[in-house]
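Thanks for sharing this one. Here are my notes, as numbered points to read beside the model.

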Amino acid sequence: MNAWRTNKYIIGTILPIVILIVWQLIATFNILPKQLLPSPIDIVLAFIRLIQSGELLINLYTSLGRAAAGFLLGATLGVGFGLIVGFSRFSEFLIDPTIQLLRMIPHLAILPLFILWFGFGESSKILIIASGAFFPVYINTFLGIRSVDYKLIEVSRVLEFSKWKQITKVIIPAAMPNILLGVRLSMGMAWLSLIVAELMGATSGVGYMISNAREFSQTDVVFVGIVIFACVGKITDSLVHLLEKRLLRWRDNYEGFDVG
């Protein structure tokens with residue numbers, strides 16, 4: 001096995017380590033004030049303080065619950081509508097224009113409506129997250145079905161597959177790369193939508209923690225929240241990527257040049 005492939009995880013840490021070193025040097029030599037850019041050490045100390053107080057774990061648990069609920073709702077509806085529109089031309093003409101119109105509405109524009117309709121409780125936050133998670137799955141499911149090679153359909157007809165067998169044995173497996181890509185993008189959008197939901201009208205969660213810290217000029221706590229969002233988002237994306245590799249082991253696709 002190529003040495004670069006073996007050490008790919010080590011290679012991936014090089015740039016973050018360089019950034020952290022430069023960042024610490026900027027803070028050490030007071031190039032920027034701590035109120036604007038606290039040092040990585042200050043952020044680690046703030047992280048430890050929040051862990052010890054229990055504040056971080058409580059807010060993180062709340063945020064993860066909201067993100068999971070919103071993602072499951074949005075992704076499930078996205079796959080469902082994507083399958084309906086993908087398999088039916090009539091449904092495409094009837095439903096897709098409306099969905100594409102709704103997709104163009106920014107989260108910040110509909111957030112006040114959701115608060116008016118559903119209040120400041122969990123319902124409005126989960127629906128905001130679900131609305132963000134819905135569209136990537138819907139679009140990629142629809143495109144995945146419509147991108148299936150028609151020759152595969154012709155072969156299935158020659159083999160006298162039933163409609164159900166065509167769908168389950170040919171179309172869905174062929175569309176699976178797009179569907180999983182949609183799930184991966186949807187999970188990222190759910191996490192981003194969570195920030196919007198928690199920065200306005202929340203009394204708990206990592207987004208609320210960031211907003212509260214901003215009001216008291218606790219920049220180190222703001223950075224802790226940002227790092228938490230980044231790390232959890234990366235972990236969830238990596239888990240979906242591993243699932244994608246496992247389910248799509250049958251693919252033999254180009255993976256780029258090896259170095260060396």
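1. Let me start with a pair of helices: α3 and α4 are roughly perpendicular to each other (a label for angles of 65 to 115 degrees, while under 35 is roughly parallel, over 145 roughly antiparallel and the rest oblique), because they pack at an angle of about 80°. Their axes lie 4 Å apart, and α4 covers residues 55-87. On the α3 side the contact (heavy atoms within 4.5 Å) uses Phe-47, Leu-50, Ile-51 and Ser-53, and on the α4 side Glu-55, Leu-56 and Leu-57. Axes here are lines fitted to C-alpha atoms, for helices over the stretch in contact, with angles from 0 to 180 degrees between N-to-C directions.

2. A word on the source: this is a predicted model, in which local features need pLDDT of at least 70 and side-chain atom pairs count only at pLDDT 80 or more, whereas totals for chains, interfaces and linings use all residues. Residues are numbered from 1 along each chain as its sequence is written, and side-chain values use heavy atoms, leaving out hydrogens and water.

3. For the overall picture, the protein chain has 11 helices and zero strands (DSSP runs numbered from the N terminus: H or I of at least four residues for helices, E of at least two for strands). Its C-alpha atoms fill a box of roughly 70 × 60 × 30 Å along the principal axes.

4. Which way do α8 and α9 run relative to each other? Their packing angle is about 165°, so they are roughly antiparallel. The axes of α8 (residues 150-158) and α9 (residues 163-199) are 11 Å apart. Leu-152, Ile-153, Ser-156 and Arg-157 of α8 meet Gln-166, Val-170, Ile-171 and Ala-174 of α9.

5. Next come α10 (residues 206-215) and α11, whose axes come within 8 Å and cross at roughly 160°. These two helices are therefore roughly antiparallel as well. Among the residues in contact are Val-206, Met-209 and Ile-210 of α10, along with Val-221, Gly-225 and Phe-229 of α11.

6. Now the charged pairs: there are six salt bridges, each a side-chain nitrogen of Lys or Arg within 4 Å of a carboxyl oxygen of Asp or Glu. One of them joins the side chains of Asp-220 and Arg-49 at 3.8 Å, N to O. This pair links distant parts of the chain, with Asp-220 in α11 (residues 219-247) and Arg-49 in α3 (residues 40-53), 171 residues apart.

7. Finally, do look at the surface: Ile-17, Ile-21, Leu-25, Phe-29, Ile-31, Leu-32 and Leu-36 make a nonpolar patch of about 720 Å². Ile-21 belongs to α2, residues 8-28. Patch residues have over 30% relative accessible area (Shrake-Rupley, 1.4 Å probe, only the protein chains shown counting as cover) and no salt bridge, with like charges joined within 9 Å and nonpolar side chains (Val, Leu, Ile, Met, Phe, Trp, Tyr) within 5 Å.
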